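Me: I would like to go through the fold and the pocket of this model step by step, with the reasoning behind each answer.

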Amino acid sequence: EHARWVVEALVHGDGVTGIVPGGFEAYARILHPLADGQRWADVAPMFLGPGDASYDWPYADPLLAVEGNLGEEAVDALADALTPWAPDGCHFGLWDGWGWLHAGSSLVFVAVETDDGEDSETVARAQAEAERHHDEATRGVWSFVEPCPLTDDVGGGRPMLLFDGPIGAVRTIGYHLVDNAPLSRQSPQWWWPPDRSWFVATEIDYPWTYLAGPEALVGEVLAALPTESTRISPTARW
């Protein structure tokens, strides 16, 4: 019920408003980190413009950008900046297609070196042990998402798992590859407060995230973010 307005808005949206709902006072594009500390302003200045329908998908180099994941530093800064604007918690939407969300949809491979070269039994035992550790580490994720409601498809295979929590819970979304491994974090595709005053959207195939909300909020967030970002029009192509 909480997400129905989002689904209906995006189905009828185009360009930016096909990813984040229309009707907000201000919009911004938050660019995902690039490899080796590079800046979008140096490698692809067009990303910092208002959007231009004259060019196709505007990659500088597809290998540079992190698609579908805002990154830990930016997520943490965004959560801090948005906390005063979400006193009653937050709704989250996470793409159901991430492989680590469901049992049997991800694989772990190991490489084993022995004194006599690769021994098939040794490799098989190591592989089975790695899979066991992986399953144990991610079983909590599978148990959590199993009862989560799922939206209808939002264009091209985008059903979203829905759950609620305090805004700081955005830092806990992700998985452990094996026991005691660091958390591999994933920013949600959607997050927004119950009063619908703002909305954050990360399309799985885009190297940036959208923020929509009041002018004052967007201005505060842009000033607080450590990553490159820019204001955009909701009518922009990208």
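Me: In what order do the seven strands of the open sheet lie?
Reply: The model is a predicted one, and its open sheet has antiparallel pairing. Taken across the sheet, the seven strands have the order β3-β2-β6-β7-β8-β1-β9.

Me: Which strands stand at the edges of this sheet?
Reply: A strand at an edge has a single partner, so one of its sides is left without a neighbour in the sheet. Neighbouring strands are turned by 20° against each other on average, with direction ignored. The strands at the edges are β3 (160-165) and β9 (229-232).

Me: Which residue of β6 does His91 stand opposite?
Reply: Strand β2, residues 90-95, runs antiparallel to β6, residues 190-192, and three bridges join the two. Within β6, the residue that stands opposite His91 is Trp192.

Me: Which helix packs on the sheet, touching β1, β6 and β7?
Reply: The strands touched are β1 (26-31), β6 and β7 (199-201). The direction of the helix makes about 20° with that of β6. The helix, which spans residues 72-82, is α3.

Me: Which element gives the most to the lining of the largest pocket?
Reply: The largest pocket holds about 220 Å³ of space, and of the 14 residues that line this pocket, the closest to its centre are Phe144, Phe163, Thr172, Ile173 and Gly174. The elements that give two or more residues to this lining are β2 and α4 (120-145). With four residues, the element that gives the most is α4.

Me: How many residues of the lining of the largest pocket are nonpolar?
Reply: The lining of the largest pocket has no charged residues, and three of its residues are polar. The number of nonpolar residues in this lining is eleven.

Notes: Residues numbered from 1 in each chain as written. Predicted model: local features only at pLDDT ≥ 70, side-chain atom pairs only at ≥ 80, totals over all residues. Heavy atoms only, no water. Pairing = 2+ DSSP bridges. Axes fitted to C-alpha atoms, helices over the stretch in contact; angles between N-to-C directions. Contact = heavy atoms within 4.5 Å. 1 Å grid on protein atoms, 1.4 Å probe; cavity = no way out; pocket = protein on both sides within 12 Å on 5 of 7 lines; lining within 4 Å. Points joined across faces, edges and corners; volume = space filled by probe spheres on them. Nonpolar A, V, L, I, M, F, W, Y, C, P; charged D, E, K, R; others polar.
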